[in-house]
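Student: Could you walk me through this one? I have just opened it and don't know where to look.
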Amino acid sequence: MPAAQSYDYVIVGAGSAGCVLANRLSADPDCSVLLVEAGGRDRNPLFRLPMLMGKLFHSGLCNWRYHTEPVPTLDGRSIYWPRGKVLGGSSTINGMVYVRGNRHDYDRWAQMGLAGWSYDDVLPAFLRSEAHVQRADEYHGRTGELTVCRARGTNPLFDLFLEAGREAGHPINDDFNGAVQEGCGRYDFTIRRGKRWSTSFAFLRPVLHRRNLTVATNALTLRVLVEHGRATGVELARGGRRERVRAAREVILSAGTVNSPQVLLLSGIGPPAEIESHGLEVVHDLPGVGRNLQDHVDCVLSFECPKLVTLYRDLRADRLLLSIARGMLFGEGIATTFPYEAGGFLKTRPELVAPDIQLHFMPALEKTANLHFPNPFRHDPTEANHGLTVRVGPLVPESRGTITLRSADPADPPRIQPDYLRSEADRRTMVAGVRIVRDIIGQPALAGHRGRELAPGEAVRTDEEIVAWLRASAMTTFHPVGTCKMGIDPLAVVDANLKVHGLDGLRVADASVMPILTSGNTNAPAIMIGERAAEFVRGGSAPA
């Protein structure tokens, strides 16, 4: 890529939103688009098998491998934060769960002054992307690039969990993306014919032939170039040298909740005191950059299972190798499913207008999901290896964290302080969630499959004991958002059209713009944000 080459649009980050933008903007043959990705290409075939997600998340492959700062509210623990560093971004290594959030999420955005972001406004963008294999109604698209399908697992414990939820008084919900979100049910997934369907495969690969689209991989964005109040391009590091690329129309940051604020701060855009503390020049005073960090914190409850029906029996090393081969060749078998297929969106109090906790159920223990492969030639005691796991956490946490610079070196990972469970309301919600999970697992439907509670353990009963356990064991669900939030308040970074306040030619389009975290997994909303950004760039705009 020659130095000082010019394009109409420069998109930084080939993740869930960036791949959508590259597709939509390059559809106009009269404009040129450069898509910049810090990672490499997504050629590893193992990324395609859904069951291998746990291993990929914990590996260094195509992963920024971030860690938070010690979190005071979690006993000073540093939490692992995997983020995709590859074409497709985190959609290349995530759990593939397709959840949009509920109507209340987006209507609250609109009520905060973000006209054009209500549920009725964003639903068409979701529909435009989606190609659902089974569902066909007003809530689902059939002709988009993003293949979505129902859960494919056949383990009988999924249905028993749903029946237990019904016995506990919760509704059964066949479609979390339909008219209502509340209830217990099975998730939908971005899986196509048994293979992961990332945004790279869905949106980018089909248009790589376009002559007006250039993709630069292994290119680290050092900063956005700003001249006279306008973004004019970016400075990159690639192949051991620095390069400048001009953007005739716009620079669009789609680098994600961690990297988009980092690039802005390195560019001198953000809180002046922080920028100057690293010896950088302040280009534009924008105090909200890196603030408003939100994430879904959760905890893992686990139970023994006295019957040999969990996923453990399918993931013995000899059987798994055969399953991997079958999945790669034919798109069939256990390796083509995701272990957390069932779950729920529930209310901890009946007067709430929307669910406030999310559950993920797996008919196995966590060590099985992470593929600590059992030895087929060693007898393993049933109670130690067969089990049930339920993850639960608050959907709309009150706690807020920050992303700040570690140094002026773009290669240094930023400081991530999520401040989980800082809010008393978050702690109350999680305690209530733990009690709801225990109630569901204790129902008659699971009587023959429920053994001793392994975590937190039957001795942990009072609110104080549960909170102490949460501080020692809670973790992330990998859904960070909000660090370049949309809004009209003093800490807003972008407006309703995703334009950076006070600068021309610069937008942010990824999960970092969410003012409030959506209820559920965040990949689908990030894709929707990419769709909306493309609308705005091509001449549309949110209502004033």
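Student: Which residues have the most contacts inside the largest nonpolar core?
Tutor: This is a predicted model, and in it the largest nonpolar core has 84 residues, with V10, W117, L264, L498 and L506 making the most contacts inside it. Helix α14, residues 523-537, gives the largest share of this core, namely eight residues.

Student: And what is L506 in contact with, leaving aside its neighbours within four places in sequence?
Tutor: With those neighbours set aside, L506 is in contact with V224, A231, V251, L253, L264, I269, L498, K499 and V500. Two of these names, L264 and L498, also appear among the core residues with the most contacts.

Student: Which residues does the second, separate core include?
Tutor: That second core, separate from the one just described, has 47 residues, and W81, L293, F303 and I440 are among them.

Student: Changing topic, why is strand β19 said to be largely enclosed?
Tutor: Strand β19 covers residues 342-346, and because five of its five residues are buried, it is largely enclosed by the rest of the structure. A342, G344 and L346 point one way from the strand, while G343 and F345 point the other way, and all are buried. In a regular strand, side chains alternate between the two faces of the sheet.

Student: Which strands does β19 pair with, then?
Tutor: Strand β8, residues 183-186, runs antiparallel to β19 and is joined to it by four bridges, with G185 standing opposite G343. Strand β20, residues 357-362, also pairs with β19 in the antiparallel sense, over five bridges, and there F345 stands opposite Q358.

Student: What order do the strands have in the open sheet of four?
Tutor: The order is β5-β9-β7-β6, with mixed pairing, and the edge strands, each pairing on one side only, are β5 (97-98) and β6 (130-132). Within this sheet, two bridges join β7, residues 146-150, to β9, residues 188-189, in an antiparallel arrangement, and R150 has D188 in β9 as its bridge partner.

Student: Which helix lies across β5, β6 and β7?
Tutor: Helix α4, residues 119-129, lies across those three strands and runs at about 60° to β6.

Student: Last thing: how much space lies in the second largest pocket, and what lines it?
Tutor: About 470 Å³ of space lies in that pocket, and its lining has 24 residues, of which R349, L352, D356, V396 and T429 lie nearest the centre. The elements giving two or more residues to the lining are α3 (103-111) and α12 (424-441), and α12 supplies the largest share, five residues.

How values were computed. Residues are numbered from 1 along each chain as its sequence is written. This is a predicted model: local features need pLDDT of at least 70, side-chain atom pairs count only at pLDDT 80 or more; totals for chains, interfaces and linings use all residues. Side-chain values use heavy atoms; hydrogens and water are left out. Buried means under 20% relative accessible area, exposed over 50%, partly exposed in between (1.4 Å probe, protein chains only). Two strands pair if DSSP finds at least two bridges between them. Contact means heavy atoms within 4.5 Å. Axes are lines fitted to C-alpha atoms, for helices over the stretch in contact, and angles run from 0 to 180 degrees between N-to-C directions. A nonpolar core is a set of buried Ala, Val, Leu, Ile, Met, Phe, Trp, Tyr and Cys residues joined through side-chain atoms within 4.5 Å. On a 1 Å grid over the protein atoms alone, a cavity is a set of points where a 1.4 Å probe fits but cannot get out, and a pocket is an open set with protein on both sides within 12 Å along at least five of seven lines; lining residues have an atom within 4 Å of a point. Grid points are joined across faces, edges and corners, and a volume is the space filled by probe spheres set on the points.
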